[in-house]
Amino acid sequence: MTVTVENPSRTRGTDEVLGVEGLVQHFVSRRSWADRLTRTPQHVVKAVDGVDLTLSTGETLGLVGESGCGKSTLSRCIMGLYRPSAGEIRYAGEAVRGLPSRAQRRTVQMVFQDPYSSLNPRMTVGQTLGELLRYHQIVPRDQVAARSRELMDLVGLPHDALRRTPRQFSGGQRQRIGIARALALQPRVLIADEPVSALDVSVQATIINLLTDLREELGLSMVFVSHNIAVVRQVSDRIAVMYRGRIVETGLTEQIFNDPRHPYTQLLLESVPRMLSGAETHPIGAADSLGTADQLAVVDGEPDADESPYSAHAIEGEHGCRYRPRCPVAMPVCADEPGLLPIAGNPSRAAACWHVDDDRKDKPR
Amino acid sequence: MTVISVPGSATDTVAPTTRRRRKHNVLLIVGLTLFGLLVLVAILAPVLATHDPIQQDLAHARLAPGAPGHLLGTDELGRDVFSRLLYGARVDLRVGVLAVVSPFIIGTVLGLVAGWFGGWLDTLIMRIVDVVIAFPFFVLVIALVFALGAGTGSIYVAITMVGWVAYCRIVRGEVLVAKEQEYALAARASGLPTWRILFRHLLPNVVLQAVIFSMSDIVLTILAIVTLGYLGLGVPPPTPDWGSMIQDGQQFLLTQWYLATIPGVAVVITGLALALIADGLVERFDSR
């Protein structure tokens with residue numbers, strides 16, 4: 001069971017611009033004839049395993065989680081790059097059947113992670129933008145050039161950038177081009193999949209500022225995917241924490257940071273390295289006895305080996321809470337997987353943990 | 001000249017980082033010059049030739065190079081070697097280039113389709129490729145030429161039916177890599193139609209390897225024609241081509257070595273020109 005999380009009506013509009021319901025994206029390994037003869041079981045990777053999301057107009061949702069937890073798959077599903085195994089995606093209230101139609105594509109656009117591979121090396125910036133403007137008939141043909149220049153202004157690049165190929169730009173400039181390409185279709189939702197993680201730290205801030213400025217200027221909604229908690233905190237109104245294909249906690253940004261309820265969220269927040277200024281960091285879990293102060297949280301279990309219960313994505317034949325193998329506060333009841341449970345007294349929050357309403361004193365602060 | 005253009009790559013503005021290497025692309029310039037000269041010679045053969053290339057003159061057979069009136073001497077039937085060489089260039093370059101163009105196009109398109117769509121279509125195309133590859137090249141070509149009847153037309157068809165598999169494999173492999181690149185995802189995400197993504201976005205990025213292969217393939221094709229000529233399945237005599245000249249000359253290797261060597265050098269120069277072009281293209285267009 002999952003509970004649809006009510007979006008708090010902040011000062012922004014509350015109408016849904018993007019909806020995801022029960023989204024499942026499983027990848028099944030290809031079976032050769034030899035596999036079939038030897039009855040080798042199919043390997044199913046549950047990249048996205050039942051996700052509900054709602055995004056309102058003007059809202060920015062931060063999607064966080066460790067590498068391989070399904071963040072990118074989820075954003076690509078929303079983008080219509082995969083045909084979902086199950087579930088529904090709605091663009092502006094309109095259900096997407098199979099893959100989005102040409103008209104629907106305009107609603108949601110994406111900024112990609114790697115500015116070096118996300119631009120066609122054989123096309124100039126002007127060709128890239130012009131093709132989209134013409135194909136989707138965003139502006140009349142004789143205004144394509146003018147509109148391209150406007151887009152360059154929007155992302156802070158000189159007009160003569162249009163005549164150049166991506167090779168002639170730096171990483172930050174390329175990411176600006178990537179943003180211009182996404183904006184060419186005048187989308188209502190921008191999905192930013194780790195938009196700054198491939199950039200120098202000094203450039204990251206400028207791109208994030210650009211994105212937040214554009215959001216205000218154009219009234220965009222945004223899904224901001226990142227493993228960088230600090231960046232997500234800066235840009236997001238609301239946060240969804242993803243773990244092994246599912247959202248395990250969601251709430252307003254400050255609520256999540258001040259009062260994380262899911263043990264995984266707690267681990268994630270504790271894992272952020274910070275300057276030690278006398279402030280203690282605790283190991284996660286019940287465990288003052290296990291670790292010493294002035295340490296980063298101890299992560300027990302590396303999410304690497306594919307078949308291990310610690311792997312970042314869910315695999316076939318598992319049951320129970322997906323965080324149980326790593327959870328310091330697991331109990332017998334955790335053999336049943338909790339859905340997103342509402343947190344008492346806080347309609348905008350939910351966490352997929354049986355401990356969700358535990359008295360906070362039970363847990364180490 | 002090959003007729004493959006790479007769209008979107010010619011720009012007026014040149015980045016500082018690439019300016020130096022583009023300006024000094026000696027390989028491409030030398031290769032194109034050399035090949036251009038060969039093409040020019042082939043075109044101007046009727047003007048440049050000093051004799052009729054099939055006119056026999058048994059009284060003056062097997063003259064050494066430098067003999068009066070015969071720059072490169074005469075062959076065993078007294079035909080002027082220089083004139084035969086020029087006319088041979090016409091035949092060999094035409095057949096070599098034409099017999100590469102259609103396998104190139106067919107193989108590239110099928111490779112694009114197989115790599116992009118995957119699934120049963122990929123399986124089907126690649127199984128056909130496997131079947132063709134399972135036969136030795138010449139066995140298959142010879143069988144096809146036999147079935148179709150000797151002549152240049154049959155040579156084109158036979159080489160096309162066998163030659164496309166190499167291009168198909170090359171392009172498919174490149175597509176498998178390129179389609180996971182984010183620019184391909186971005187093209188899909190922006191809703192562009194599949195054919196447009198394939199030919200406008202993917203093709204320019206994957207075709208380079210196939211173009212480079214085609215350069216050496218032209219030489220191989222010329223050699224294939226030489227071999228077919230040896231078996232009596234090539235260009236029918238007395239039309240001069242380098243293959244039959246080598247073939248005719250080899251029986252006099254000990255006495256008149258130049259009869260086989262001169263057309264051999266012509267083949268080598270052609271191969272060199274094409275190899276230089278291929279290397280130059282890599283330097284010019286490889287964005288990696």
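What percentage of the 288 residues in chain B is buried? Buried residues come to 42% of that chain, and everything shown here is taken from a predicted model.

**View 1. Chain B, helix after helix.** Chain B has 11 helices and 0 strands. Reading along the sequence gives α-α-α-α-α-α-α-α-α-α-α. If you take contacts in chain B between residues at least 6 apart in sequence, 70% of them join residues at least 24 apart.

**View 2. Helix 2 of chain B against helix 4 of chain B.** Two packed helices are described by the angle between their axes and the distance between the axes. Here helix 2 (residues 26-43) and helix 4 (residues 81-117) of chain B have axes 7 Å apart, at an angle of about 110°. That angle falls in the 65 to 115 degree range, so helix 2 and helix 4 of chain B count as roughly perpendicular. Helix 2 of chain B passes helix 4 of chain B in a left-handed crossing. On the helix 2 side, the contact uses B:Leu38, B:Val39, B:Val41 and B:Ala42, while helix 4 of chain B brings B:Leu86, B:Ala89, B:Arg90 and B:Leu93. Sorted by class, that gives 7 nonpolar residues, no polar ones and 1 charged.

**View 3. Helix 4 of chain A against helix 5 of chain A.** Over in chain A, the axes of helix 4 and helix 5 (residues 144-155) come within 10 Å and cross at roughly 120°. That makes helix 4 of chain A oblique to helix 5 of chain A. The crossing of these two chain A helices is right-handed. Look for A:Gly126, A:Leu129, A:Gly130, A:Leu133 and A:Arg134 in helix 4, which meet A:Val144, A:Arg147, A:Ser148 and A:Leu151 in helix 5. The class split for this contact is 4 nonpolar, 3 polar and 2 charged residues.

**View 4. A:Gln137, in the loop between helix 4 and helix 5 of chain A.** Most residues other than glycine have a negative phi. A:Gln137 has a positive one, near 50°. Is this residue buried or exposed? A:Gln137 is exposed, because just 8 other C-beta atoms lie within 10 Å and the cut-off for exposed is 12 or fewer.

**View 5. A:Arg244, in the loop between strand 9 and strand 10 of chain A.** Here's another positive phi in a residue that isn't a glycine: A:Arg244 sits at about 45°. The loop that holds A:Arg244 runs between strand 9 (238-243) and strand 10 (246-252). A:Arg244 is buried, since 27 other C-beta atoms lie within 10 Å and buried starts at 20.

**View 6. The largest nonpolar core.** In soluble globular proteins, nonpolar side chains tend to be buried together. The largest nonpolar core of this model has 154 residues, and A:Val223 and A:Val241 have the most contacts inside it. Helix 9 (residues 194-230) of chain B supplies the largest share of this core, with 18 residues. Leaving out residues up to four places away in sequence, the neighbours that A:Val241 touches include A:Val64, A:Ile247, A:Val248, A:Tyr264 and A:Leu268. Among its other contacts are A:Glu249 and A:His262.

**View 7. Where chain A touches chain B.** In this view, 27 residues of chain A are in contact with 21 residues of chain B. Helix 3 (102-105), strand 6 (108-111) and helix 4 (125-135) of chain A each give at least two residues to the chain A side. Helix 4 of chain A gives the most, with 3 residues. By class, the chain A side divides into 10 nonpolar, 9 polar and 8 charged residues.

Methods: Residues are numbered from 1 along each chain as its sequence is written. Chains are lettered from A and ligands numbered from 1 in the order in which they are written. This is a predicted model: local features need pLDDT of at least 70, side-chain atom pairs count only at pLDDT 80 or more; totals for chains, interfaces and linings use all residues. Axes are lines fitted to C-alpha atoms, for helices over the stretch in contact, and angles run from 0 to 180 degrees between N-to-C directions. Helices (H or I, at least four residues) and strands (E, at least two) are DSSP runs, numbered from the N terminus. Angles under 35 degrees count as roughly parallel, over 145 as roughly antiparallel, 65 to 115 as roughly perpendicular and the rest as oblique. A crossing is left-handed if the near helix is turned anticlockwise from the far one by less than a right angle, and right-handed if clockwise. Two residues are in contact if their C-beta atoms, placed from the backbone, lie within 7 Å. Ala, Val, Leu, Ile, Met, Phe, Trp, Tyr, Cys and Pro count as nonpolar, Asp, Glu, Lys and Arg as charged, and the others, Gly among them, as polar. A nonpolar core is a set of buried Ala, Val, Leu, Ile, Met, Phe, Trp, Tyr and Cys residues joined through C-beta atoms within 7 Å.
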